[in-house]
Amino acid sequence: MHNPKQVAGRRAAEFVENGMAVGLGTGSTVFFTLERLAERVREGLKIRCVPTSIDTENKARVMGIPLVELGKIDALDLTIDGADEIDGAFHMIKGGGGALLREKVVASITRRQIAIVGAEKVVARLGKFPLPIEVVPFAREVIHRALGARGATATLRTGPAGQPYLTDNGNQILDCRFPDGIADPASLELELDRLPGIVETGLFVGLAHVLVIGREDGSVEVRERATALPRAGR
Ligand code: 5RP
């Protein structure tokens, strides 16, 4: 039996070409992409990479993957990142690992975004996985109430000692359940973005171009998005 994350993560690294500026996502699936990219760098691949989290930055550094600051890059050729759920239109829930804000910033300047997942994360409707919402600590209770008024149940993400989990940006995360799932991800994203105090949501609408699905039998399926959607925030 194969690890679906490993086969998807390694396969996605093959999309990277010499000279590219590459966004590096965050999480356990991306870890396998990093491993394969590091092998390719040792074989002579020349790339510059922007990590989406301190965790990925540390791992990439240890593995010898060349890094560059986000501010030094106008656009990224390719970004490879995981997802917590992805639907048929390639809309995603992300942020299970807490890196949603930097992941979305990096995705917003990426020409070709590749989502890498195990097959169980491909869903008909988003929302079984709780939607991570990054909030400034000052506004947390206000946002909590606003989400409750919309019928959602929000839970503050906590760390191992029960303290509020803090993102790389010093913010907190509310993990949010919608009773019937998320029928219209684009509308929900716009609605949530209008609430002061929400820094970013884990809804990634129209950002992924390619979906790489790994399976336990070791096979990998690559899907290209059928329709061109307007890019969020651009
Ligand atoms: C981190 C993310 C990750 O991409 C997502 O949580 C998937 O993680 P994993 O590959 O570990 O299952 O959005 O913020």
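Trainee: What makes the pair between an oxygen atom of the ligand and a polar backbone atom of Thr26 a polar contact?

Mentor: Set the distance against the rule. The two atoms are 3.1 Å apart, and a polar contact is a pair of N or O atoms within 3.5 Å, so the pair qualifies. Within protein there's more to ask: one atom must be able to donate a hydrogen and the other to accept it, and residues adjacent in sequence count only if both atoms are side-chain atoms. Before you go on, bear in mind that this is a predicted model, where local features need pLDDT of at least 70 and side-chain atom pairs need 80 or more, while totals for chains, interfaces and linings use all residues. Also, residues are numbered from 1 along each chain as its sequence is written, and side-chain values use heavy atoms, with hydrogens and water left out.

Trainee: Which polar atom of Lys5 lies by an oxygen atom of the ligand, side-chain or backbone?

Mentor: A side-chain one, at 2.8 Å. With Gly97 a backbone atom takes part, 3.3 Å from a ligand oxygen. On its own the ligand has 370 Å² of accessible area (Shrake-Rupley, 1.4 Å probe; for residues, only the protein chains shown count as cover), and the protein covers 92% of it.

Trainee: And which of the residues around the ligand come nearest?

Mentor: Ser28, Thr29, Asp84, Gly95 and Lys121, out of 18 around it. To be listed, a residue needs a heavy atom within 4 Å of the molecule.

Trainee: Over to the strands. How do you know that strand 7 and strand 9 pair?

Mentor: Count bridges. Five join strand 7 (residues 131-135) to strand 9 (residues 172-177), running antiparallel; two strands pair if DSSP finds at least two bridges between them, so these two pass. Strands here are DSSP E runs of at least two residues, and helices are H or I runs of at least four, both numbered from the N terminus. One bridge sets Glu134 opposite Ile173, and another matches Val135 with Gln172. Strand 7 also pairs with strand 10, antiparallel, over three bridges, where Glu134 has Glu200 as its partner.

Trainee: In what order do the four strands form the open sheet?

Mentor: 8-9-7-10, with antiparallel pairing. Strand 8 (153-156) and strand 10 (198-201) are the edges, each pairing on one side only.

Trainee: Why is Gln172 called buried?

Mentor: Its relative accessibility is 7%. Buried means under 20%, exposed over 50% and partly exposed in between (1.4 Å probe, protein chains only), so Gln172 is buried. Its side chain makes a polar contact with that of Arg140 at 2.9 Å. Contact in the wider sense means heavy atoms within 4.5 Å; leaving aside neighbours within four places in sequence, Gln172's list includes Leu156, Pro164 and Tyr165.

Trainee: What makes strand 7 mostly covered?

Mentor: Five of its five residues are buried. Side chains in a regular strand alternate between the two faces of the sheet. Here Leu131, Ile133 and Val135 lie on one side, Pro132 and Glu134 on the other, and all are buried.

Trainee: How many bridges let strand 5 and strand 11 pair?

Mentor: Two, in the antiparallel sense, with strand 5 at residues 92-93. Met92 stands opposite Phe204 of strand 11. Both strands belong to an open sheet of three, ordered 4-5-11, whose edges are strand 4 (85-86) and strand 11 (203-204).
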